Amino acid sequence: MNRDAFRERIADCMAADVPFAVIKIELMGLRDMEAMAGRGSADDLQRQLATRLLAAYSQDTVARVGEARLAVLDPQVEEIRPEKPVDQ
């Protein structure tokens, strides 16, 4: 899904007053990875991650929202907690 469709899906959830969560995934170090592993390696990594996310979520909830960012919309969230970054 592209970022515009993703935004529309969020707007739909908000209009329906459905609780939801957005999981943002930012892939750090992709340029360094391409420098070490070769051109296209970062794209391959993003495709592999997207494939795994699609296996866990439906196709209309996973989107590439930036050059090195993916997002997942979870409209079936039971509890919303404050955002906390995950360190590597």
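Colleague: Before we look at any numbers, what counts as a pocket here?

Modeller: A pocket is an open set of grid points with protein on both sides within 12 Å along at least five of seven lines. The general idea is that rolling a probe the size of a water molecule over the atoms shows where empty space is left. Keep in mind that this is a predicted model.

Colleague: Okay, so how much space lies in the second largest pocket?

Modeller: About 250 Å³ for the second largest pocket.

Colleague: And which residues line the second largest pocket?

Modeller: Going along the chain, you meet Leu-27, Met-28, Gly-29, Leu-30, Arg-31 and Glu-34, then Ala-42, Asp-43 and Gln-46, and finally Arg-64, Glu-67 and Ala-68. Helix H2 (30-37) and helix H3 (41-56) are the elements that give two or more residues to that lining. Sorted by class, the lining has 5 nonpolar, 2 polar and 5 charged residues.

Colleague: Let's move to the strands. In what sense do strand E2 and strand E3 pair?

Modeller: As general background, in a regular strand the side chains alternate between the two faces of the sheet. Here, E2 (residues 62-66) and E3 (residues 69-74) pair in the antiparallel sense, over 4 bridges. They form a hairpin, with 2 residues between them. To pick out one bridge, Val-62 has Val-72 in E3 as its partner.

Colleague: Which residues make up the largest nonpolar core?

Modeller: In soluble globular proteins, nonpolar side chains tend to be buried together. In this model, the largest nonpolar core has 7 residues: Phe-6, Ile-10, Cys-13, Phe-20, Ala-63, Ala-71 and Leu-73. Helix H1 (3-15) and E3 are the elements giving two or more residues to this core, and H1 provides the largest share, 3 residues.

Colleague: What about Thr-61, is that residue buried or exposed?

Modeller: Thr-61 has a relative accessible area of 3%, so it counts as buried; the cut-off for that is under 20%. Thr-61 sits in the loop between H3 and E2. Leaving aside neighbours within four places in sequence, its contacts are Met-1, Phe-6, Arg-9, Ala-71, Val-72, Leu-73 and Pro-75.

Colleague: And where does Asn-2 lie?

Modeller: Asn-2 is in the segment before H1. Its relative accessibility is 47%, so Asn-2 is classed as partly exposed. With neighbours within four places in sequence left out, Asn-2 is in contact with Ala-63 and Arg-64. Asn-2 and Ala-63 are 61 residues apart in sequence, but their C-alpha atoms are 5.5 Å apart in space.

How values were computed: Residues are numbered from 1 along each chain as its sequence is written. This is a predicted model: local features need pLDDT of at least 70, side-chain atom pairs count only at pLDDT 80 or more; totals for chains, interfaces and linings use all residues. Side-chain values use heavy atoms; hydrogens and water are left out. On a 1 Å grid over the protein atoms alone, a cavity is a set of points where a 1.4 Å probe fits but cannot get out, and a pocket is an open set with protein on both sides within 12 Å along at least five of seven lines; lining residues have an atom within 4 Å of a point. Grid points are joined across faces, edges and corners, and a volume is the space filled by probe spheres set on the points. Ala, Val, Leu, Ile, Met, Phe, Trp, Tyr, Cys and Pro count as nonpolar, Asp, Glu, Lys and Arg as charged, and the others, Gly among them, as polar. Two strands pair if DSSP finds at least two bridges between them. A nonpolar core is a set of buried Ala, Val, Leu, Ile, Met, Phe, Trp, Tyr and Cys residues joined through side-chain atoms within 4.5 Å. Buried means under 20% relative accessible area, exposed over 50%, partly exposed in between (1.4 Å probe, protein chains only). Contact means heavy atoms within 4.5 Å.
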